[in-house]
Amino acid sequence: MTAMARTWGRLTLAGKVIFTVLPILAVLTAGLIVVIVLFGGGILDFLATNLWLVRFVVAATAVLLMSVPTAFLIIYMEMKVIALMNLRIGPDRVGPFGSLLSVVHGLKVLMKEDFSPTGVDRIVFTLAPIVVFMSTVMALLVIPFAPGLFGQDFNIGLLYFFAIGGMTVVGLLMAGWSSFNKYSLLGGLRSAAQVISYEIPLTLSVVGLLLLAGTMSLNQISLNQAGWFSDWYVFKQPLGALIFFIAATAEANRTPFDLTEADSEIVAGFATEYSGMRFGFFFFAEYVNVFVISALIVTLFFGGWNAPFPWPWPVALNLDPGSLGIGLLILVAIVPVIGTLILAAPFWLASSRVKGWQALVMGFILFNLVAVTAIFGIAYVGLDWVAGLLWFLGKTYVFVFTFVWMRGTLPRVRIDQLMGFAWKWLLPASLLNLFVTAAAIAIVNPR
Amino acid sequence: MTFIPGLGIVKGMGLTLRRFFEPKATIKYPEVKPDIPHKFRGRLQLLYDEYGALKCETCFQCAQACPIECIDMGGIDTKGRFHVHWGAPETYGERREESALRRSGRTVPDPAYAHFEGIDPDPVDGILEEYDFDPKQMLQILEATQAAYGHLPVAALKRISHATGAWYAMIYGTASYYSHLRFERPEDGIQAAAVADHRPTEATFLTSLDTALAGGRRAGAGQPSGTKPN
Amino acid sequence: MDPALRRRIERRFGERLSGPVRQRHDETELRIGAGDAGEVIRALHDEPEFGFAFLADLAGVDTGTTMQVVYHFWGASTPDWLRLVVDGLPRDDPRVPSVTALWKGAEWMEREAYDMFGIIFEGNRDLRRIYMPADYRSFPLRKDFYLADDAARSPGAGIRHMEQTHAPRNATPAATVRRTRA
Amino acid sequence: MTAPTGTRGRASSDDPRVMLDEQIGVFEPIPPYPPRTEREAEFYTLRDGEMFINIGPQHPSTHGVLRIVLKIDGENVVDLDPVLGYLHRGVEKLCENADYHQAICYLDPLEYVSSLFCEWPAVMAFEKLLDVEVPRRAEYIRVLSSELNRVASHALFMGWMALDLGGLTPILWSFIERDEIVEMLAALTGQRMLFNYFRIGGVNGDLNHEFLSRLGDWMGRATAQIESNTALLNENEIFVRRMRGLGTMDSETALRMCMSGPNLRATGVPFDLRRAHPYSVFPELEFDIPTRTEGDCLARYLVRLDEIKQSLRIIDQCLNEMPDGPVMAKLPRLLRPRPGRAYAGIEGPRGQYAAYVVSDGTDQPFRMRIHDPSYLHLQSVGLLMPGHLIADAMAVMASLDPIMGGVDK
């Protein structure tokens with residue numbers, strides 16, 4: 001026993017982990033093999049008949065996995081962009097240009113104590129961040145990122161989105177109420193008032209668009225906007241787009257409508273008493289929400305994953321690397337070497353002061369650039385979901401940038417101005433938009 | 001304000017976007033040193049003359065003149081024999097008189113400790129001798145002192161502080177950390193009585209506070225009206 | 001220095017002045033007793049020949065023997081600061097009429113004077129301590145104020161034996177209190 | 001008048017005697033003692049639907065450690081009770097125990113945004129006590145450096161104002177502006193924040209090349225830069241709509257509230273001690289007194305912007321007309337002014353800073369009274385805030401620009 005303990009003590013940390021994990025893995029693998037051998041056929045048959053289930057599970061997992069890096073990216077963007085607008089440098093120490101700082105923030109949040117203050121309603125206090133985060137992430141399910149790349153193509157996609165998005169306010173209200181703090185309470189109530197008020201113009205502003213599109217499926221709306229950028233709904237529904245943008249800003253609690261967590265008034269609003277990962281959920285939810293809202297604006301009004309102009313040289317790439325057989329292997333082995341050498345040659349020949357290894361390094365870097373560009377180019381031309389995803393993310397991040405930019409510029413509005421704006425201006429304007437659209441449709445396309 | 005609604009906001013957005021691309025004001029501190037003016041007074045350092053000798057001649061005028069008494073001096077004397085340290089500033093009030101006394105070379109009486117009982121210093125001196133004035137063996141010193149006196153008199157702690165060069169606060173912290181070290185004689189109820197004697201108003205205060213608290217609980221019945229200040 | 005102002009003051013308040021009107025640099029000083037303070041200040045504020053509309057400062061002073069309340073006024077009728085010293089308040093019960101009816105902004109300055117000196121301004125609606133905690137008992141800017149004794153009387157006293165050093169009774173011998181005749 | 005009922009009688013967490021066995025209500029802002037005045041009793045009595053909320057002492061927008069107990073009805077502020085003393089250091093008492101030179105440096109941290117203005121009245125009062133004639137060059141240097149400090153203070157005010165309204169960017173821009181000024185003042189005085197530059201009878205050190213080169217560099221682009229910074233807010237609809245008509249005060253009330261400085265001038269009273277009670281070399285300098293008549297937050301904000309331009313004018317004139325000569329009067333080391341009293345008031349970026357000194361013939365001031373405008377302006381918050389929303393309460397407080405170091409002395 002002592003000998004074993006001594007041996008165990010001599011192991012490094014990695015060794016301890018490996019020695020613990022390996023046997024478990026071995027047992028699990030054996031069990032898995034047995035299960036697959038015994039029931040594999042049945043499972044496969046079941047999955048093949050119920051593909052929607054596979055799709056749903058994969059989509060849900062992918063969306064959950066995607067949300068955290070998205071939040072990290074937007075948090076970094078927020079830190080860096082606002083810093084640059086403030087004439088600061090912003091994060092520049094962790095990772096290249098400080099890009100890992102948000103990841104470090106995430107880790108920090110994870111490592112903090114899971115603390116709940118005296119007097120809170122524990123159950124609700126714990127549930128609130130989860131509700132907020134889940135409602136935000138669930139909204140990602142219906143967003144069509146590219147042709148064929150979406151979680152679920154509901155025929156009531158937009159309705160689902162509004163319904164799920166409205167659940168956020170429940171979480172915020174739970175947080176505000178359960179925190180046992182007057183600032184939180186005020187923040188929660190503000191968020192309830194604000195989100196409910198802005199739900200109405202938000203929903204009404206897209207009704208005109210729905211009349212035009214004739215569907216509520218977000219995928220179908222994206223498909224409707226294919227072609228030139230003049231086909232985008234923003235040109236048919238400019239007022240609707242503006243109202244939607246403003247209402248969506250309020251819906252996402254972003255500056256200038258960030259009254260729920262107005263730090264100079266009610267310290268952090270509903271999140272005052274939260275710390276650690278519970279706060280982290282709120283934090284992530286906010287930024288995922290920004291992404292979702294931007295994605296929805298892009299989907300509805302800015303053509304979704306469609307390029308602003310159709311690709312002028314339609315190419316049907318029929319690459320079948322498998323047909324090369326053994327040649328593929330040789331190609332994979334030889335092309336990098338030859339490419340590097342070819343690209344290194346000009347450096348080496350250009351000046352006698354360039355040493356051979358330096359030229360080789362330069363050549364290798366250049367080759368990588370060329371290869372990556374080529375692969376992406378081929379993928380862009382050949383795979384329409386890659387092209388769609390690139391366009392979609394590009395447009396979405398333009399809007400994310402706009403949200404961050406607004407945060408860097410604008411002061412906050414007051415609560416009565418906020419509500420007045422929603423009810424006195426946005427609501428009539430969206431109704432006007434709806435009537436004009438309906439009238440136009442009735443005139444142009446009478447039954 | 002303009003007549004077109006939203007123009008001001010758009011202008012502001014344009015301004016921030018322009019600033020987005022402008023050169024930044026941040027100084028990346030450890031790599032780039034800030035441009036500190038020649039006359040800057042914020043750095044604390046002793047100056048050397050052109051021969052490399054310390055310009056400070058320990059006249060203590062700075063410590064004496066320092067209005068918030070933040071300058072404290074210590075070090076090795078010129079022959080390299082004695083460690084000179086003036087201890088932590090426990091009493092700021094007497095500080096300037098102290099520095100005058102120190103400059104004149106006399107010992108500084110400490111009125112804050114005059115209140116405490118005097119001791120026969122021989123045992124503690126012997127103990128200090130035994131432990132070679134080593135502040136690292138503070139616990140042993142304190143235990144021996146307690147064995148000698150039955151408790152830890154303040155005067156003895158003060159003497160230990162002076163002899164070993166450790167701060168009084170450190171010694172006090174050490175002594176109060178260990179539960180077997182005590183500051184009062186075990187049989188001593190005298191001090192508690194003295195304390196109670198020192199603050200006769202305490203009881204009055206507590207009574208008034210109690211009255212106030214109890215009065216509030218009784219929903220204000222019989223409360224005096226609030227016109228009288230304090 | 002504005003001799004015209006001095007003449008005006010002497011003519012108007014001649015019998016009420018408890019000392020000569022002094023002038024030095026750009027200041028004119030008059031002294032009155034506490035009984036006259038209300039009327040004199042109202043006259044200084046209201047009457048057009050004075051018209052001191054701006055209360056520049058309100059301060060309490062403990063001379064070691066008596067208490068004073070010192071007002072400074074600015075008015076367009078004179079280039080001087082007008083200093084009004086309400087003199088001769090007893091130290092054990094200093095009372096002055098409040099000027100909050102004329103300058104509502106004097107309320108906090110009076111509260112401060114009350115907090116620091118214990119001067120009671122009659123008519124101030126909110127005369128309570130402003131800087132020091134509510135259970136504080138002494139008046140810190142008085143000349144016989146001794147810090148340690150107050151600390152020993154606070155509710156936290158006596159917990160640490162290092163704090164039990166001073167006995168309040170003999171803490172401030174009367175001989176050490178600074179006094180001035182200024 | 002009966003004592004308020006309800007939550008009164010709960011223990012305060014500050015009271016070491018009380019074991020906190022009851023957890024709910026520990027955070028109530030209601031004090032644990034019976035009311036001392038009518039006003040306190042009235043304030044701490046809640047009517048139906050009202051609640052107390054503590055703003056501070058740790059709150060992002062209280063500009064220091066101020067605690068305001070707000071009585072709110074929903075989002076509306078019904079009444080408020082500022083609780084001071086969290087930063088009280090007893091500077092007046094400290095000054096009584098320091099000699100005349102030492103007393104000056106206790107005054108810097110009072111007004112940590114524009115320290116020179118707190119030194120100046122005390123120094124002026126000491127000079128009056130001692131009958132010292134200050135050299136003209138020293139006076140010009142004082143005016144020059146303090147006007148720079150005024151610009152720095154106002155620049156910072158713009159940023160705070162925007163920050164309290166939720167704008168993140170202007171505060172950093174104005175800090176850049178302030179940093180340049182503060183750095184050049186550091187080249188002149190030796191410190192960035194607490195300058196401790198004015199001495200009895202002059203200033204500590206003549207103008208130097210480093211200061212002048214930095215100043216010239218900055219003066220060339222100051223106007224354009226400040227204008228460009230203000231363009232972000234001055235035309236912003238959100239900002240203007242929030243500020244206009246908010247916390248309005250008429251000139252009568254402002255005088256009754258003993259206000260001074262830009263807050264008084266925003267109500268239309270052209271009261272500026274530099275003209276109303278001229279001191280130093282201001283009679284020789286040419287500048288205007290900007291006033292506004294609205295008396296609301298926007299007016300207070302705009303008056304300060306105009307003052308920056310006037311300050312730049314004064315700086316320009318000072319540089320042009322700077323006479324030669326010594327910067328310190330000849331004085332003995334140990335100052336013992338004869339018994340007497342002196343009062344000196346100056347126009348600072350927030351209003352009238354003043355010092356009242358009583359000398360008893362020793363080397364220490366017998367009584368040193370420091371008058372700070374922030375104190376009085378904070379008091380008028382109680383008049384301006386009720387009836388507004390919580391968000392506006394912050395804006396009103398920011399527009400009055402109190403500095404808690406000066407309020408709490």
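**Exercise 1. In this predicted model, determine which residues A:Phe244 touches, leaving aside residues up to four places away in sequence, and place A:Phe244 in its nonpolar core.**

Solution. Step 1: with those sequence neighbours excluded, the contacts of A:Phe244 are A:Leu202, A:Ser205, A:Val206, A:Ile297, A:Leu300 and A:Phe301. Step 2: A:Phe244 belongs to the largest nonpolar core, which has 268 residues. Together with A:Ile297, C:Phe73 and D:Ala125, A:Phe244 is among the residues with the most contacts inside this core. Step 3: helix α12 (residues 276-301) of chain A supplies the largest share of this core, 17 residues. Step 4: a second, separate core has twelve residues, including B:Ile141, B:Leu142, B:Leu152 and B:Leu157.

**Exercise 2. Establish whether strand β5 (residues 81-89) of chain C is enclosed or open, and which strands pair with it.**

Solution. Step 1: a residue counts as buried if 20 or more other C-beta atoms lie within 10 Å of its own. Step 2: eight of the nine residues of β5(C) are buried, and the strand is therefore largely enclosed by the rest of the structure. Step 3: strand β2 (residues 27-33) of chain C pairs with β5(C) in the parallel sense, over seven bridges; here C:Arg31 is opposite C:Val85. Step 4: strand β4 (residues 67-74) of chain C pairs with β5(C) in the antiparallel sense, over six bridges, and C:Val69 has C:Val86 as its bridge partner. Step 5: β4(C) and β5(C) make up a hairpin, with six residues between them.

**Exercise 3. Check the end-to-end distance of helix α3 (residues 51-85) of chain A against its expected span.**

Solution. Step 1: the helix has 35 residues, and at 1.5 Å a residue it should span 51 Å. Step 2: its end C-alpha atoms are 48 Å apart, which agrees with the expectation. Step 3: just after α3(A), A:Leu87 adopts a positive phi of about 65 degrees.

**Exercise 4. Describe the confidence of chain B and its contact with chain A.**

Solution. Step 1: the mean pLDDT of chain B is 72, and 60% of the residues score at least 70. Step 2: within chain B, confidence is highest in helix α6 (residues 138-149), at 91, and lowest in helix α3 (residues 95-103), at a mean of 48. Step 3: pLDDT stays under 50 over residues 99-107 of chain B, a stretch with eight contacts beyond four places in sequence. Residues 218-230 of chain B also have pLDDT below 50, with 25 contacts beyond near neighbours in sequence. Step 4: eleven residues of chain B contact nine residues of chain A. The chain B side comprises five nonpolar, three polar and three charged residues.

Definitions and conventions: Residues are numbered from 1 along each chain as its sequence is written. Chains are lettered from A and ligands numbered from 1 in the order in which they are written. This is a predicted model: local features need pLDDT of at least 70, side-chain atom pairs count only at pLDDT 80 or more; totals for chains, interfaces and linings use all residues. pLDDT is the predictor's confidence in each residue, from 0 to 100. Helices (H or I, at least four residues) and strands (E, at least two) are DSSP runs, numbered from the N terminus. Two residues are in contact if their C-beta atoms, placed from the backbone, lie within 7 Å. A nonpolar core is a set of buried Ala, Val, Leu, Ile, Met, Phe, Trp, Tyr and Cys residues joined through C-beta atoms within 7 Å. Ala, Val, Leu, Ile, Met, Phe, Trp, Tyr, Cys and Pro count as nonpolar, Asp, Glu, Lys and Arg as charged, and the others, Gly among them, as polar. The expected span of a helix is 1.5 Å times one less than its number of residues. Two strands pair if DSSP finds at least two bridges between them.
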